[in-house]
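Let's take a walk through this structure together. Please have the sequence and the 3D view open as we go.

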Amino acid sequence: MKQPNRKRKLSMDSKELLNQDGCLEQAEEEKKPRDGAAPLSHVPSVTAQEAWSWEQYLTEQKATAAPVELFSKDQSFPEHENGFQVGMRLEGIDPRHPSVFCVLSVAEVCGYRLRLHFDGYLSCYDFWTNAGSPDIHPVGWCEKTKHELHIPKGYRKDKFVWMDYLKACKLQNAPKKLFRNRSSNGPMPKEFQVGMKLEAVDRKNPSLVCVATVADIVEDRLLVHFDNWDDSYDYWCDVNSPYVQPVGWCQENGRTLIAPQGYPDPENFSWTEYLEATQTNAVPAKVFKMRTPHGFLPSMRLEAVDRRNPRLIRVATVIDVDDQRVKVHFDGWDHKYDYWMDADSPDIHPIGWCDITGHPLEIPYRANDVKILPGQAVCPTPGCRGIGHIRGPRYSGHHSAFGCPYSDMNLKKEATLHDRLREQTQANLESDSSHSKSKNLCSLNFSGKHEKVNSQPRPVQQAKCLKIKGKEDIDLDNLFR
Ligand SMILES: [Zn+2]
């Protein structure tokens, strides 16, 4: 394994981002945050941070690390350095709308991670990803692979030309060599084709298995879209994913299949009738392979991205597992911050990952290690160092419960940001064929007419209370009301 330079870290403050983005309309950027720009309000003492080591910690705790072999290529130690630089342009998937490919820029580089910014949008929508992520592609990739590119806000779709944009704004594209060569699983079996139907787990409500469509295929991954639901439930997975199953799987395994939203008689959903009505085919059952179990066990230690504050990676413990997921606890923190992550999430790493990639690691919180200077404004949440903000990465810090991603008042707020795409004018949305594409594929209604994709949120509350054992456990009428 090649070890990248340690502690190579570039960062930038919001001012630099504005300069670097100067060519774009940034007028919508909010004024200087009142409750921000003052990170590190209280910090573990330098000695505690520097003296900390995994080796010593594991001995003290009589704990074991999750073995490196359990981690996938996307989670394990990178083979290459992160060569991306702040300001470079690229194309990539919007994590909140996985069917949408966008014009992105590198806003921050930290170790093997990148903070990516949607050109023309507020930086509150920025997101973190690994430099080796299969979700990012070089400039020109969409054109080459016939994918719709979601262009920067303020540009006309028919007038946007990448090279002109880069030239006019004096921007640099990220060189192709920085993007990893994918396909660790080999190519996608040719039997998988866009538009085919399957049964898939709703990853936001993992007890539900729903009628779904292969909405896209890129290299060895497919995009799962749930019929008649909006694209925020979509996800990319590989062929061997335990989340995708052939048509008829629920019936064979005594599980309830959730019919498409609005299906006239959901309790008596029939694949035969549905395939005929939608004039589609099922993915052949023989191409589905089951993945081997993930192997993580409770009490194993690892390094995990903190979803509430995604710029941070913390010392963490697996405290529970199920077939596809691990429940992560951040050492030293209250259990109310624990949460489930997919076992194949690119946000969990073996111990030592931060050290080797040059990313800061948040060490376990111990109240005694924290030194607060007299008169210093500090976040009142135990363990919180005042880094990050409930309103996303445009605020680098906070010093009150109001902005704290961990405060009780904010703990229940999963989605505090507005949807980036809903900000757009209706005209833009209508001209965006990446949306109309999924309409064509997946939202054919039962009289054969196209129907507008229903953008209502899924009835999570109801769905969560359901036990999927048999049909009688589900009140489908209620579920789809
Ligand atoms: Zn805080």
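Before we start, one definition will help: four donors count as tetrahedral if all angles lie between 85 and 135 degrees. Keep in mind as well that this is a predicted model.

With that cut-off in hand, turn to the zinc ion. Its ligands are Cys379 (SG), Cys384 (SG), His398 (NE2) and Cys404 (SG), at 2.1 to 2.3 Å. The angles that these four donor atoms subtend around the zinc ion run from 100 to 123°, and the arrangement is therefore tetrahedral. For comparison, the ideal angle for four tetrahedral donors is 109.5 degrees. Along the chain, the donors of the zinc ion are spaced as C-x4-C-x13-H-x5-C. Cysteine 384 and cysteine 404 both sit in the loop between strand S21 (370-371) and helix H9 (408-411), so this pair ties together parts that are 20 residues apart in sequence. Both of these cysteines, 384 and 404, are buried.

Now step back to the whole protein. Its secondary structure comes to 13 helices and 21 strands, and 53% of its 481 residues count as buried. If you take the contacts between residues at least 6 apart in sequence, 65% of them join residues at least 24 apart. The accessible surface comes to about 23,500 Å², with 51% of that area belonging to carbon and sulfur atoms.

Which strand might you visit next? Strand S4 (residues 89-94) is a good choice: six of its six residues are buried, so S4 is largely enclosed by the rest of the structure. On one side of the story is strand S5 (residues 97-110), which pairs with S4 in the antiparallel sense over six bridges. The two strands S4 and S5 form a hairpin with two residues between them, and within this pairing glycine 92 has cysteine 102 of S5 as its bridge partner. S4 also runs antiparallel to strand S8 (residues 136-137), joined by two bridges. There, glutamate 91 stands opposite histidine 137 in S8.

Salt bridges are our last stop, and the count comes to 16. One of them joins glutamate 60 to arginine 366, with the closest N and O atoms 3.1 Å apart. This pair links distant parts of the chain, since glutamate 60 belongs to helix H3 (residues 54-61) and arginine 366 to the loop between helix H8 (353-357) and S21, 306 residues apart. Glutamate 60 counts as partly exposed because its relative accessibility is 43%; arginine 366 is also partly exposed, with a relative accessible area of 35%.

Arginine 203 deserves a look too. Its salt bridge with aspartate 342 brings the closest N and O atoms to 2.5 Å apart. Arginine 203 lies in the loop between strand S10 (197-201) and strand S11 (209-218), while aspartate 342 is in strand S19 (residues 339-342), so the pair ties together parts that are 139 residues apart in sequence. Is aspartate 342 buried or exposed? At 18% relative accessibility, aspartate 342 counts as buried, whereas arginine 203 is partly exposed at 23%. Arginine 203 also meets the side chain of aspartate 344 in a salt bridge (3.7 Å, N to O). Aspartate 344 lies in the loop between S19 and strand S20 (348-349), 141 residues apart from arginine 203. Finally, Glu108, Arg115, Asp126 and Arg311 are linked in a network of salt bridges.

Note on methods: Residues numbered from 1 in each chain as written. Predicted model: local features only at pLDDT ≥ 70, side-chain atom pairs only at ≥ 80, totals over all residues. Heavy atoms only, no water. Donors = N, O, S within 2.8 Å, 3.2 Å for Na, K, Ca; no water. Tetrahedral: all angles 85-135°; square planar, octahedral: opposite > 155°, others 65-115°. Helix = DSSP H or I, 4+ residues; strand = E, 2+ residues; numbered from the N terminus. Buried < 20%, exposed > 50% of the residue type's maximum accessible area, 1.4 Å probe, protein only. Contact = heavy atoms within 4.5 Å. Areas by Shrake-Rupley, 256 points an atom, 1.4 Å probe, with all protein chains shown as cover. Salt bridge = Lys/Arg side-chain N within 4 Å of Asp/Glu carboxyl O. Pairing = 2+ DSSP bridges.
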